[in-house]
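Colleague: I would like to go through a model feature by feature and learn how to read each one. Please give the general idea and then the case at hand.

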Amino acid sequence: LGALVGPVGWIGLAVLLVSWAGSIVLLARTRTARTVVDGALAEAGIPATEATIPLWRQILAVPLRGRSVERTRGVPFRRVAGRTLKLDIYRSLDDADGRPTLLYIHGGAWTVGDKWEQGLPMMHHLARNGWVCFTANYRLSPGATFPDHVVDMKAALAWIREHGPEYGADPSFVAVSGGSAGGQIASLVALTENDPRYQPGFEDVDTSVQAAVSIYGIYDFTNRLGVQSDSFVPLLMEPIVMKAFLEEEPEKFAEASPIDRIHSEAPPYLIAQGDRDTMAPVAEARAFVERLTEVSNDRVVYMEFPGAQHIFDLFYSQQAARMIEGVHAFLEDERRRRRD
């Protein structure tokens, strides 16, 4: 059509070809996802799940629920600071009771995001295979200050323990998961079970979880490794999330950092991370896994996906599908261990 009659057209063609070549390389790297997942599961002695995600879902990419999954939207679980916080519920259409349960926490740098936006491929897959999945909103910064986000999710966990059976959930087995900022909140929920500081007004409620899954989470609010951007602490953490200065109140930042809250009684843990993540650096995830493996008495499963960026599981893909299958296998094995 005449696009190549001048130098601009040829430059455009060259850029297009380079883009195609890069896409082919990335696509080839994503094929290693199965090896990553199978190796991590095998090392932990976990059998692979037989409930695989079909190829057509990966090609379609869009996380459709399907007719077998029911969504209940906007269920209130907490009234706080002039707001009514709500959650959504995903479950299969059968009437079975005593189903294993997941609480999923969305990300968004603690400042944006909503319960319906993230984690859908994983929650849909688990719901299709007999799980009840809850995903809840929490107060966002700058209106909220740490630990408000954690307190809200503890309140959601308390609500699930009390009201979850009305939706077929088994309150004796609840796992917590989250991505990005949600991974940090989920990790603190998992690592601070029954801590009254994060349970104002419901101090006596059991807020323990039976498994934790953190996906490209943030594990350090101090940037001690120097892998976060230079603006992470001074422009986000200090004025918006913590409302404190790191140099003046380092103990507050340590309190909010999952890497500083690790203890020997941590629940079974699965950490998933992409090695090309520019928002949640892989070095931070590796440091968290190393520390958790050293201290925890329970098992730690780590899956690192070559070529994966932040929020690589927003839609179905080879990497997302394999990761979700690995999470499902991990959670089902933990459920069997508990039952046995």
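The turns below take up aromatic pairs, helix packing and backbone geometry.

Modeller: One caution before the details: this is a predicted model.

Colleague: How many aromatic pairs does a search of the whole structure find?

Modeller: The search finds eight aromatic pairs. To classify a pair, take the distance between ring centres and the angle between planes; under 30 degrees counts as stacked, and over 60 as edge-to-face. The rings of tyrosine 216 and phenylalanine 312 have centres 5.8 Å apart and planes at 65°, so this pair is edge-to-face.

Colleague: Where in the chain do tyrosine 216 and phenylalanine 312 lie?

Modeller: The two are 96 residues apart, so to speak in distant parts of the chain. Tyrosine 216 is in the loop between strand 6 (211-215) and helix 7 (232-242), while phenylalanine 312 is in the loop between strand 8 (300-305) and helix 10 (318-339). Both residues are buried.

Colleague: What kind of pair do tyrosine 219 and phenylalanine 288 form?

Modeller: Their ring centres are 4.2 Å apart and the planes are at 10°, so the pair is stacked. This pair also links distant parts of the chain, 69 residues apart: tyrosine 219 is in the loop between strand 6 and helix 7, and phenylalanine 288 is in helix 9 (residues 282-295). Tyrosine 219 has a relative accessible area of 0% and is therefore buried. Phenylalanine 288 is at 0% as well, and counts as buried.

Colleague: Which residues form an aromatic cluster?

Modeller: Phe134, Trp159 and Tyr167 form one.

Colleague: Next, helices. What end-to-end span should helix 5 have?

Modeller: The check uses 1.5 Å a residue. Helix 5 (residues 148-163) has 16 residues and should span 22 Å; its end C-alpha atoms are 22 Å apart, so the two values agree.

Colleague: How many residues of helix 5 are buried?

Modeller: Of its 16 residues, 13 are buried, so to read helix 5 as mostly covered is correct.

Colleague: How do the axes of helix 2 and helix 10 cross?

Modeller: Two quantities are read here, the approach of the axes and the angle between them. The axes of helix 2 (residues 33-43) and helix 10 come within 9 Å and cross at roughly 15°. Because angles under 35 degrees count as roughly parallel, helix 2 is roughly parallel to helix 10. The crossing is right-handed. On the helix 2 side, Ala33, Arg34, Val37 and Leu41 meet residues of helix 10 including Arg322, Met323, Gly326 and Phe330.

Colleague: Why would contacts on a helix recur at intervals of three or four places?

Modeller: An α-helix has 3.6 residues a turn, so residues three or four places apart point the same way.

Colleague: And how do helix 4 and helix 10 cross?

Modeller: The axes of helix 4 (residues 120-128) and helix 10 come within 10 Å and cross at roughly 45°. That angle makes helix 4 oblique to helix 10. The contact is made by Pro121, Met122, His125 and Leu126 of helix 4 with Ile324, Val327, His328 and Leu331 of helix 10. This crossing is right-handed.

Colleague: Is glycine 326 buried or exposed?

Modeller: Glycine 326, found in helix 10, is at 0% relative accessibility and so counts as buried. Leaving aside neighbours within four places in sequence, glycine 326 is in contact with Val37, Leu41, Leu270 and Met303.

Colleague: Last, the backbone. What is the usual pattern for phi and for peptide bonds?

Modeller: Most residues other than glycine have a negative phi, and most peptide bonds are trans.

Colleague: Which peptide bonds are cis here?

Modeller: A cis bond joins serine 141 and proline 142, with omega about 10°. The bond from phenylalanine 146 to proline 147 is also cis, with omega near 10°. Proline 142 is in the loop between strand 4 (132-136) and helix 5, and proline 147 lies in that loop too.

Colleague: What is phi at alanine 61 and at asparagine 223?

Modeller: Alanine 61 has a positive phi of about 75°. Alanine 61 is found in the loop between helix 3 (55-60) and strand 1 (69-80), and at 22% relative accessibility counts as partly exposed. Asparagine 223 has a phi near 55°, also positive. Asparagine 223 lies in the loop between strand 6 and helix 7 and is buried, with a relative accessible area of 17%.

Note on methods:
Residues numbered from 1 in each chain as written. Predicted model: local features only at pLDDT ≥ 70, side-chain atom pairs only at ≥ 80, totals over all residues. Heavy atoms only, no water. Phe/Tyr/Trp six-rings, centres within 6.5 Å; stacked < 30°, edge-to-face > 60°. Helix = DSSP H or I, 4+ residues; strand = E, 2+ residues; numbered from the N terminus. Buried < 20%, exposed > 50% of the residue type's maximum accessible area, 1.4 Å probe, protein only. Contact = heavy atoms within 4.5 Å. Expected span 1.5 Å × (residues − 1). Axes fitted to C-alpha atoms, helices over the stretch in contact; angles between N-to-C directions. Parallel < 35°, antiparallel > 145°, perpendicular 65-115°, else oblique. Left-handed = near helix turned anticlockwise from the far one by under 90°.
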